[in-house]
Structures are given as structure tokens and as C-alpha cells.
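Work through the exercises below with the structure open. Each task is followed by a solution in steps.

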Amino acid sequence: MENALNLFRAAAVTPRVHIGNVAKNRQEIIKMYDSMVGQSDLIVTPELSLTGYTCADLFNNRNLLDRARKGLYDLTMYTKKYGENGAVLVVGLPLEKEGELFNCAAVIHNGRLVAVVPKTYLPNYGEFYEKRWFSAGEQDAQEMEIVCGLENEVLQTTFGNNVIMEIGTDKRVCVGIEICEDAWAPVSPGRLLALNGAEVIVNLSASNEVIGKAQYRRNMLGAASAGCICGYVYVSAGQYESTSDLVFSGHTLMYENGKLLGEGKPFSDTVLVKDFNLTKIRHDRIANKTYSECRNNFSRRSYQRLVCRKPLMEKKELLAKLSITPFVPSSNRRERCLDIFQMQVTALARRIEATKSRCVVVGVSGGLDSTLALLVSAQAVKDLGLSADTVMGITMPGFGTTDRTKNNSIELMEHLGCSIREIGIADSVRQHFRDIGQDEDVHDVTYENCQARERTQILMDVANKEGGFVVGTGDLSELALGWCTYNGDHMSMYAVNTSIPKTLVRTLVDEVGHYMDENGFAGMKKVIEDIIDTPVSPELLPPNADGTIAQKTEETVGSYILHDFFLYYTLRYGMSPDEVFSLCQEAVRRSSEYKFSDEEISKWQKVFYSRFFRQQFKRNCMPDGVKVGSVSVSPRGDLRLPAEIEPEEFMD
């Protein structure tokens with residue numbers, strides 16, 4: 001796949017370590033490097049991987065230190081074999097400088113020792129005694145010459161822990177390094193590196209295992225990645241480091257903006273390779289102004305940028321999890337759906353209490369959106385201790401209403417105990433047609449919208465008459481596409497579905513409907529399942545001769561599967577059309593249920609951008625509605641756009 005995505009691939013690997021034997025460790029690292037070099041942009045090994053972490057007083061031995069420098073030289077020269085396309089390699093070793101010994105990470109690429117980063121904080125408690133051998137503290141970047149062997153082989157490098165590697169050519173990613181204990185410090189070097197521009201932090205570690213420590217690591221590093229809005233690569237010493245009283249497990253972790261991308265679980269010897277999406281990291285940093293404020297407050301130290309001209313991999317299969325339905329929970333589905341439902345219920349109940357309303361009015365069509373709104377309303381009045389008939393359901397059959405949807409709406413209301421009203425709109429709409437000179441046989445947009453606005457007028461007026469308010473049923477996907485009638489189904493007094501996309505509405509109706517059937521609203525299962533199977537339609541055009549639905553929304557506007565995918569990655573991460581298209585291609589390839597050609601994706605993607613930008617005027621005056629996820633189009637919170645945007649460059 002030609003990748004238009006802005007990705008950076010990293011590998012966390014734990015070669016077998018031979019404690020105190022540099023020659024064998026060098027060979028283990030080379031063997032690992034050979035196997036991984038074409039599969040990653042960056043390869044990270046554990047702390048002191050060239051010597052072993054548990055060498056203890058052997059770190060004071062001249063032979064070990066000399067061999068470590070020679071091993072570093074040999075590894076650096078070996079990387080020439082792959083040229084600039086070879087992966088950037090990070091190894092750990094002890095290194096002398098001006099009469100002090102430092103625990104270091106060495107960055108190597110294409111025969112060049114790019115940088116040597118010393119550990120900032122040394123643990124000297126519990127089972128750790130690093131201050132017995134090593135020096136620590138802030139070391140400002142300076143040029144350093146390392147004499148590496150008997151023949152006076154020399155490596156020139158930059159030494160310091162205030163350096164950031166810029167890896168790439170045209171595209172570059174900024175990488176910062178910290179070592180083990182650094183991450184445990186109250187103000188870690190990684191956090192300061194991130195505030196100074198590092199987008200990915202790598203941590204070379206040798207963290208022994210005790211009960212509960214693995215979960216503590218997950219919590220700590222996940223929080224660091226979230227707070228720093230960065231990618232994080234953590235790789236710890238493996239099982240062969242275990243000695244005396246300590247056992248090591250080779251635990252590896254990768255996070256992106258606080259989300260776990262992957263884990264090599266303790267004692268599993270797993271090589272972990274994952275992609276970081278730089279667009280996501282950069283988008284969230286721009287959007288989160290707290291990040292920039294912290295950067296201004298705490299970026300007092302100067303950081304040196306070192307360029308490592310390794311071309312980032314362009315052709316590769318995406319390694320991250322990817323679903324064609326990003327809004328739909330992929331795990332713990334029932335639990336997640338009930339959490340979302342509870343937010344909707346709580347918000348509506350609060351509005352009922354605040355307005356002191358005697359009832360809530362819901363237009364019930366027998367479709368997915370009105371079903372979800374009705375379920376939310378029924379549960380809200382139940383939680384408030386009000387009578388079930390506080391919910392007034394109104395079905396309003398018109399020119400396109402089928403027996404199937406009408407019967408389903410009435411049956412659903414009966415199971416929920418709502419008060420039920422049926423108000424036909426045909427006569428009043430025909431009168432309106434006569435008033436404005438509309439030919440009933442002309443099934444144009446006026447023909448459709450007159451019906452939608454008549455229904456809204458009925459709902460509003462009944463709500464006034466009964467001392468209640470109208471609960472809106474429209475969903476996030478419809479608002480994004482402008483697939484709603486201005487001042488028709490577009491309008492209500494409170495909208496419970498405004499941040500629920502169509503793909504999630506279907507899942508919620510399924511999970512919540514069956515849950516309610518099992519918990520206090522028995523008998524709904526059959527009607528819920530039929531509603532789920534009903535084609536999405538506004539039912540504004542006359543049905544087929546056999547009475548089935550003739551007007552199917554997705555035949556006109558396109559698949560909601562695709563539109564919800566476009567919406568998620570356009571709004572949540574600000575991705576370009578090329579990135580969204582490439583992601584969608586890959587998501588479709590992985591899907592066993594939904595298949596779309598590249599031509600279909602491109603066609604409906606253009607429709608999405610055209611409708612999304614040109615329908616902003618409807619969103620600018622949308623009613624209040626509960627926010628339940630990270631994507632919302634409310635003009636009062638998440639999306640402020642002018643209605644006059646010209647979308648041609650997105651469509652091109």
C-alpha cells in the first residue's frame with residue numbers, strides 16, 4: 001500500500017543478554033538488527049544492553065569498559081551495511097567521560113554515532129545501587145570524542161541529556177530519550193523533552209519484576225504519554241538478565257497519546273513493533289492549549305536538535321488496530337453502550353427537572369433514531385420516579401409511512417408504557433401545498449420538507465399545550481451531512497442523539513433495547529430486532545406498490561459506514577483527505593463485513609466534504625444536546641466554523 005499516512009514505526013526488542021560479555025551481546029544485537037532493519041524506522045534495546053545491567057562492581061573493571069567502547073564502535077560501523085535506509089539503533093552501555101562513569105543510551109545510524117544520552121536520575125534505594133558506579137545529573141550537550149579500541153578507533157558524537165533526534169528526510173519525527181528511573185521522577189526528563197518538541201519518547205530500562213509492578217508501569221507510562229501528548233516506547237531487560245535476588249521479564253510497552261498501542265507482556269520475549277501516527281500527536285498538541293502553556297512555563301533549558309537522515313518508511317502495512325466503524329465499541333460492547341446510554345439519560349433527566357416540565361414529547365417514526373430517543377426518555381422518567389406516561393409518543397403517518405414502521409412505533413410505545421397519540425399529517429400538508437402552490441405529484445425537496453416541518457410544528461404545539469418539551473431524535477451523522485430539514489427534524493427543545501453517529505445508534509438500540517427488555521420493559525425484543533433490520537429512511541416519498549420503503553437514505557447520500565469513518569478522522573484528528581482515504585482503504589481491507597471499492601470510497605468522500613462544509617449553517621443554530629464522545633459538532637463547544645467555507649480543495 002502506498003502510504004499517505006504520517007507514520008513512524010518503532011520496534012522495542014530485548015536481545016538475549018550475556019552478563020559481562022560484550023562480544024556475545026554485540027552479536028545478539030547484530031542478529032536482532034539484521035532481522036528487524038527493514039521493518040522499522042527505530043529499534044530500541046534495553047538499558048545497558050551491550051554489557052548487561054546486573055554487572056555490579058564489574059562496572060569498575062577496565063576490561064569491561066574498554067570492551068564496551070569497542071563494542072559500540074563495532075556496532076556503529078556495522079550499521080554502514082544498510083546505509084541511510086537502515087533503522088536507527090539505540091543501545092545501552094556504560095561510558096566514561098572526564099573521570100566519571102555514566103549509564104548511557106547510544107543512538108547509531110549509518111556508521112555514525114549520532115548521540116550519547118546519559119541517565120539523569122540514578123536509583124539508590126531498595127534493590128538498586130547505581131550511585132555506587134555511575135554519575136548522574138543534567139549534562140548539557142557538547143561534542144565528545146570516544147577512543148574505542150587498541151588501534152585508537154575514534155567516534156565523534158554529541159554527549160548530553162538535552163538532545164532531541166530529528167529522524168527523517170523530508171518528513172521528520174522528533175525523538176527524545178530517557179533511561180529507566182528517569183520516567184519515575186516527579187518531573188521526568190521525558191516530560192521536559194516532550195515540552196521541547198519531542199514527539200516520541202523512548203525509555204531504555206532494566207526494571208526488575210515484583211508483584212504488581214507491571215500494572216504500575218502501565219499506569220505510569222500511559223499517564224506520561226497522555227499528559228505529554230506523545231508516543232512512548234518502553235523496553236526493559238529480559239529474563240536472561242535475572243541473577244541473584246532479581247528477576248527481569250522483558251516487559252515492553254508502546255503508548256500513543258495515552259492509548260496503549262501494544263504490549264510485550266512480562267516473561268513473553270515478544271518483539272513489539274508498532275506505528276505512531278504523527279498526525280494524531282501533532283493535532284492533539286495544537287488543540288490542547290494546556291500543552292503549549294506548560295511549554296512556555298517549563299521550557300527554560302536549551303535543547304539541541306540532532307538530525308538523523310534516515311528516510312521514514314513509506315510503503316508498509318499499518319500495524320495499529322483499525323476498524324471501519326471507529327465509533328462502535330470493539331470490546332466490552334454492552335458495558336460501553338450502557339455507559340453512553342446513562343449519559344444520555346442523565347442529561348435528559350436533568351433537563352426535565354430544570355424546566356419543571358409535565359411531560360416530554362417524542363416523535364416516533366419506527367426508525368433507529370426515534371427509537372433510541374424514546375428509550376432514553378422512558379428510562380429518564382423512570383429514574384426520576386415519574387409515571388411512564390410522562391413520555392408522550394406521537395406517531396405522525398404521512399405520504400411515505402409504511403405499515404411496518406407505524407406498527408413498530410406503536411408496539412414499542414406500548415411496551416414502554418408511554419402515552420400514545422397518532423396524528424396524521426396528510427390533510428394538513430395538502431392544505432399547505434395549496435397555500436404555497438406546490439403540486440402534490442412533484443416529489444421534490446419542497447414535497448419532502450413540508451412534511452418534516454409539519455411534524456415538527458405538531459410536536460412543538462403539543463408540547464406547549466401539555467406543558468412539556470420536545471426531545472430531538474436527529475443523530476450526529478445527519479448533522480454532519482446536513483441530512484435534516486432546517487427548522488424541521490433539525491429542531492427540538494433538547495436533543496439526546498446529537499453526538500451519537502448513525503453506526504453507533506444501531507449498536508445502542510441493539511444493546512440497550514435488549515438490556516431494557518431484560519430489566520423492567522419485557523416484551524420489546526422482537527420489535528427492537530425488526531427496527532434494527534428496517535432500512536434507514538425519512539419515509540417522505542410514497543412507498544413501493546407492495547407497501548415497502550421506497551426511499552432509502554444511503555442510496556442517495558452514501559453509506560453511513562463510510563461517512564462516520566470520514567467524520568471521525570476528519571474531526572477527531574484533523575487528517576487530510578489523503579490520510580483519511582488511505583486509512584479507509586486499509587480499514588475496508590481488514591473488514592470481513594463491509595466491502596467498498598476505491599472508487600466508492602473516493603465518490604462518497606467527496607460527497608462528505610461537500611455536504612459537511614456547506615451545511616454548517618444548520619449546525620450553527622442546532623439545539624442543546626448531550627456530548628458523549630470526543631467528536632461533537634456543537635457550535636457552543638467543539639466545532640466553530642463559518643458557514644461560507646469553500647470545500648473545493650478538500651474535494652480535489
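Two strands count as paired if DSSP finds at least two bridges between them. With that rule, Thr395 stands opposite Glu422 in strand E18. The model is a predicted one.

**Exercise 1. Strand E17 and its partners**

Task: Determine how E17 pairs with strand E18 and with strand E16, and find what connects the strands.

Solution.

Step 1. Take E18 (residues 419-422). E17 and E18 pair in the parallel sense, over four bridges. Thr395 opposite Glu422 belongs to this pairing.

Step 2. Turn to E16 (residues 359-363). E16 also pairs with E17 in the parallel sense, again over four bridges. Here Val360 has Val391 of E17 as its bridge partner.

Step 3. Trace the chain from E16 to E17. The path goes through helix H8 (residues 368-383), and this β-α-β crossover is right-handed.

Step 4. Trace it onward. E17, helix H9 (residues 403-416) and E18 form a right-handed β-α-β unit.

Task: Is E17 buried or exposed?

Solution.

Step 1. Sort the side chains by direction. Val391, Gly393 and Thr395 point one way from E17, while Met392 and Ile394 point the other way.

Step 2. Check burial. Both groups are buried.

Step 3. Conclude. Five of the five residues of E17 (residues 391-395) are buried, so the strand is largely enclosed by the rest of the structure.

**Exercise 2. The seven-stranded sheet**

Task: Give the strand order of the seven-stranded sheet and identify its edges.

Solution.

Step 1. Read off the order. The strands run E13-E12-E11-E10-E9-E8-E15 in an open sheet with mixed pairing.

Step 2. Find the edges. Strand E13 (259-264) and strand E15 (304-308) each have a single partner strand, so one side of each lacks a neighbour in the sheet.

Step 3. Add the twist. From one strand to the next, the twist averages 20°.

Step 4. Inspect one pairing. Strand E10 (residues 200-205) and strand E11 (residues 231-236) run parallel and are joined by six bridges. In this pairing, Ile201 stands opposite Tyr232 of E11.

Step 5. Place helix H4 (residues 213-228). H4 packs on the sheet and touches E11, strand E12 (252-256) and E13. The direction of H4 makes about 30° with that of E12.

Step 6. Place helix H5 (residues 278-287). H5 packs on the sheet too, touching strand E9 (172-179), E11 and E12. The direction of H5 makes about 85° with that of E9.

**Exercise 3. Cysteines**

Task: How many disulfides does a search of the whole structure find?

Solution.

Step 1. Set the cut-off. A disulfide needs two cysteine sulfur atoms within 2.5 Å.

Step 2. Apply it everywhere. The search of the whole structure finds zero disulfides.

Step 3. Try Cys180. The nearest cysteine sulfur, that of Cys104, is 14 Å away, and Cys180 is in no disulfide. Cys180 counts as buried at 7% relative accessibility.

Step 4. Try Cys228. The nearest cysteine sulfur belongs to Cys230 and is 4.8 Å away; Cys228 is in no disulfide. Cys228 also counts as buried, at 7% relative accessibility.

**Exercise 4. Salt bridges**

Task: How many salt bridges does the structure hold, and where does Asp57 fit in?

Solution.

Step 1. Set the cut-off. A side-chain nitrogen of Lys or Arg must lie within 4 Å of a carboxyl oxygen of Asp or Glu.

Step 2. Count. The total is 35 salt bridges.

Step 3. Examine Asp57. Asp57 bridges to Arg132, with the closest N and O atoms 2.7 Å apart. The pair links distant parts of the chain, 75 residues apart. Asp57 sits in the loop between strand E2 (42-44) and helix H2 (62-78), and Arg132 in the loop between strand E5 (112-118) and strand E6 (142-147). Asp57 is partly exposed at 38% relative accessibility, whereas Arg132 is exposed at 56%.

Step 4. Turn to pairs within a helix. Glu28 and Lys31 form a salt bridge, their closest N and O atoms being 3.6 Å apart. They are three residues apart in helix H1 (residues 22-36), which means a separation of about one helical turn. Glu28 is buried at 16%, but Lys31 is exposed at 55%.

Step 5. Go to H2. Lys70 forms a salt bridge with Asp74, with 2.8 Å between the closest N and O atoms. Lys70 and Asp74 are four residues apart in H2, so about one helical turn separates them.

Step 6. Look for shared partners. Arg62, Asp66, Arg69 and Glu96 are joined into one network by salt bridges that share partners.

Note on methods: Residues are numbered from 1 along each chain as its sequence is written. This is a predicted model: local features need pLDDT of at least 70, side-chain atom pairs count only at pLDDT 80 or more; totals for chains, interfaces and linings use all residues. Side-chain values use heavy atoms; hydrogens and water are left out. Buried means under 20% relative accessible area, exposed over 50%, partly exposed in between (1.4 Å probe, protein chains only). Helices (H or I, at least four residues) and strands (E, at least two) are DSSP runs, numbered from the N terminus. Axes are lines fitted to C-alpha atoms, for helices over the stretch in contact, and angles run from 0 to 180 degrees between N-to-C directions. Contact means heavy atoms within 4.5 Å. A crossover is right-handed if, with the strands pointing away from the viewer, the path from the first strand over the helix to the second runs clockwise.
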